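Open the model in your viewer and keep the selection panel at hand. The stops below go from the ligand outwards to the backbone.

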Amino acid sequence: MSTNIKVGKLQEGLKTRLVGKYIFFAKEVASTNEWAKGLVELGAPEGTVAVAETQTAGRGRLGRKWISPKGGLWLSLIFRPTLKPSETVKLVFLASLAVAEVLRELYGLKAETKWPNDVLVDGRKVCGILSEMKTVGEKVDYTIIGIGVNANIDVEKGFPEELRETATSIQRALGRKIDLEELFRALLEKVESLYQIFLKEGFVPILEGWKGFASFLGCHVEVYGDDERFEGIASDVDKDGMLVLELRDGFLRRVFFGDLSLKVKRRCV
Ligand code: BT5
C-alpha cells in the first residue's frame, strides 16, 4: 500500500477513457489549478489531470488559502463541456458528489455534501472544490475543477490550529492511512461516470444524488460572505445550484452559488 503518491501507479488499472487519459504529476507546485490552466492553454485536452503531492500556494475561493501538506490528494481536472458561465457550478456539484460517493464506497465513511463546495465527514471539512473558468464571449472555453481531499493527514500535526476544529482527514476518521493511488483512481472513475450521466441526462440526476447526501437540508443555517450574513431554513437547492432559504417571515430567498459559505446553526426539521 502506498500512502504517498507513486507516479507509476496512478494510471495502473485505471478504467477510464477520458478522465485521466493524460496525467501530470509533480512533487510540489504552487497550485494544481494554476498548473492545469497552463496545461490547457498549451493544448491539453479535456480530461487531463494535474496532481501534486504538496501545494505551496493552494487556494480556495476568493483567494483564500488551501492548506496542502503531503499526504493529501490535490488535483485539478480540465473540462470543456458546452456550458454558460453560470452553469459551471454544476461541475462543482458533480465533483462533490463523486468525492462523497467514493468515501462511502471505499471506506464506509458517512460523507456528506454541504452547499456550496464542501464534503464533510463527522461534520468537518474533508474536501473542498474550487472551479475556475475561462470564457470566450458568452461561452465557457474551459473549466478547471480543483479537488482537495485531506487523506493521509494527521490533523494535529499537518494543520494550523485554526483548522483543527473545522477540518478533518480520512486518516483521522478511519484511524489509519489509506492507499492514495487507489483513492485517486476511484475518484477519476467516479467523476467520469457522473460526467457521462451529466452529458446524457443533464444536471438533475447529479443534483438528486448530491441532495441525497446533503444533511444540512431542513436545518436552520447561517449564510455568510465578507459583508453579508443572513439566516433561515435551508429548504432546497434548486436546478441552478442556488440555495433556497426560508426566511423567518416565510419568504423564500434564492442564494446564488457564489462566494458565500454556510454554517448549520441548529437542529434540522
Ligand atoms: C475551498 O475553498 O474549499 C476550495 C478548496 C480547493 C482546493 C483544491 S486542491 C487542488 C486545487 N488546487 C488549488 O489551488 N485549489 C484546489 P473555500 O470554500 O474558500 O474554503 C477555504 C477555507 O477552508 C479556508 O479559508 C480555510 O478556512 C479552510 N481550509 C484551508 N485548507 C483546508 C484544508 N486542507 N482542509 C479543510 N479546510 C481547509
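How many residues surround the ligand, and which are the closest? Select the ligand in this predicted model and expand the selection to its neighbours: 26 residues surround it, and the closest are Ser31, Arg59, Arg64, Lys125 and Asn150.

**Contacts of the ligand**

Start with Ser31. An N or O atom in the side chain of Ser31 is 2.8 Å from an oxygen atom of the ligand. Go on to Arg64, where an N or O atom, again in the side chain, is 2.8 Å from a ligand oxygen atom. At Arg59, show the backbone: a polar backbone atom of Arg59 is 2.8 Å from an oxygen atom of the ligand. Now switch on a surface for the ligand. On its own the ligand has 790 Å² of accessible area, and the protein covers 90% of that.

**The shell by element and class**

Select α1 (32-41), β3 (73-79), β6 (124-136) and β7 (139-149) next; these are the elements that give two or more residues to the shell around the ligand. Colour β6 separately, as the largest share of the shell, four residues, comes from this strand. Then colour the shell by residue class, which gives nine nonpolar, 12 polar and five charged residues.

**The pocket**

Hide the ligand and look at the space it occupies. The ligand sits in the largest pocket, and that pocket has a volume of about 1,000 Å³. Its lining has 47 residues, and those closest to the pocket centre are Arg64, Trp66, Asp118, Lys125 and Leu163. Select Arg64 and Lys125 again: both are among the residues closest to the ligand and among those closest to the pocket centre.

Which elements each supply at least two residues of the lining of the largest pocket? Select α1, β3, β5 (118-121), β6, β7 and β12 (261-268). The most comes from β6, with five residues of the lining. Coloured by class, the lining of the largest pocket has 17 nonpolar, 16 polar and 14 charged residues.

**Two backbone stops**

Most residues other than glycine have a negative phi, and most peptide bonds are trans. The last two selections depart from this.

Select Trp115 and Pro116: the peptide bond from Trp115 to Pro116 is cis, with omega near 0°. Pro116 lies in the loop between β4 (112-114) and β5.

Finish at Leu62, in the loop between β2 (49-55) and β3. Leu62 is not a glycine, yet its phi is positive, about 55°.

Key:
Residues numbered from 1 in each chain as written. Predicted model: local features only at pLDDT ≥ 70, side-chain atom pairs only at ≥ 80, totals over all residues. Heavy atoms only, no water. Near = heavy atom within 4 Å. Polar contact = N/O pair within 3.5 Å; in protein donor to acceptor, adjacent residues only side chain to side chain. Areas by Shrake-Rupley, 256 points an atom, 1.4 Å probe, with all protein chains shown as cover. 1 Å grid on protein atoms, 1.4 Å probe; cavity = no way out; pocket = protein on both sides within 12 Å on 5 of 7 lines; lining within 4 Å. Sits in = over half its atoms within 2 Å of the grid points. Nonpolar A, V, L, I, M, F, W, Y, C, P; charged D, E, K, R; others polar. Points joined across faces, edges and corners; volume = space filled by probe spheres on them.
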